[in-house]
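Visitor: Could you take me through one part of this model up close? I'd like to see how a single helix sits among its neighbours, and then hear about anything odd in the backbone nearby or elsewhere.

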Amino acid sequence: MWKVGLVGTGFWSEKHLQAWSRIPNVHITALCNRSRDKLLAKAAKYGVPEDQLYDSIERMLADADIHVVDIVTGADTHLDFVRKAAAAGKHIMCQKPFAPSIAEAEEIVKISDAAGVRLMVTENWRWLQPFQVIKRVLNSGELGKVNLIRLSIRIITRPEWHRVPGFRSHFFAICLSSYFTKWVYIGLIPGGIFSACLNGYTRKLRESVLILLAKTVESLCLVMMTFMVFWI
């Protein structure tokens, strides 16, 4: 039985807790959050006793009988939390974005390797069948040297989402970050680039900046496509 302690009972924790609760031989043992109200709400929903609720990761690691720490907090906390969880000998799930910089991302990996614990970034789309097939085909060498991949995806949004202030800019940032994540997974761009860039365009960017970024990326892609067609 794998016992899980989750840190951060905000919005995304609901997805994590739903998933953990459906996996055989997994028990949601402890929860950690600074907000007592959020902590109690999740505990009541998922059957976590009050004596297994913690207001700091230090207390949870010291007192809770857990094997895995699921970190569902902001990227700026990840290095510190991973360092503490790894030092306690716990396996680690870490919510994306992984880190605010390449240096911190590399440090997180080094810390986990040195402690001999498993570390995984929570990127659920990598397990979807289309990306599994793409990865398998690329690894097989069947296509030879791949110079260009075009990926099209359609995401359906709900009408009420568009009434949320800032939705368009934030949704665009999420979509763009998802593309980068997939490219990292199938090996088209280094993971470090993804780690360094992600926070830069998903945090407090205005819609005008995002549109400019999109146009810039589009232009660069066209230049790269032209180069590949005529020179490679």
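Guide: Here's a walk around one helix, followed by the sheet beside it and a few loops. Keep in mind that this is a predicted model.

Let's settle on helix α2, which spans residues 36–46. Which of its residues are buried? They are Leu39, Lys42, Ala43 and Tyr46. Those four take up an arc of only 105° around the axis, so they sit on the same side of α2. That fits a general rule: an α-helix has 3.6 residues a turn, so residues three or four places apart point the same way. Now flip to the face turned away from that buried side, and you'll meet Asp37, Ala44 and Lys45, which are exposed.

And what do the buried residues of α2 pack against? Their partners are α1, β2 and β3. Just past the end of α2 comes Gly47, with a positive phi of about 70°.

Two of those partners, β2 and β3, take us into the sheet. It's an open one of six strands with parallel pairing, and the order runs β3-β2-β1-β4-β5-β6. At its edges are β3 and β6, each paired on one side only. The link between β2 and β3 is parallel and consists of two bridges. If you want a spot to zoom in on, Leu31 has Leu53 in β3 as its bridge partner.

Now for the backbone oddities. Most residues other than glycine have a negative phi, and most peptide bonds are trans. Asn25 goes against the first habit: its phi is positive, near 65°. You'll find Asn25 in the loop between α1 and β2, two elements that the buried residues of α2 also pack against. Is Asn25 buried or exposed? It counts as exposed, because its relative accessibility of 54% is past the 50% cut-off.

The peptide bond from Lys96 to Pro97 goes against the second habit: it is cis, with omega near -5°. Pro97 lies in the loop between β5 and α5.

One last stop, this time for side chains on the surface. Leu143, Val146 and Ile149 make up a nonpolar patch there, and together they have about 220 Å² of accessible area. Ile149 belongs to the loop between α6 and α7. With a relative accessible area of 31%, Ile149 is partly exposed, and it makes it into the patch because the cut-off for patch residues is over 30%.

Key:
Residues numbered from 1 in each chain as written. Predicted model: local features only at pLDDT ≥ 70, side-chain atom pairs only at ≥ 80, totals over all residues. Heavy atoms only, no water. Patch = residues over 30% accessible without salt bridge, like charges linked within 9 Å, V, L, I, M, F, W, Y side chains within 5 Å. Areas by Shrake-Rupley, 256 points an atom, 1.4 Å probe, with all protein chains shown as cover. Salt bridge = Lys/Arg side-chain N within 4 Å of Asp/Glu carboxyl O. Buried < 20%, exposed > 50% of the residue type's maximum accessible area, 1.4 Å probe, protein only. Arc of directions from axis to C-beta. Contact = heavy atoms within 4.5 Å. Pairing = 2+ DSSP bridges.
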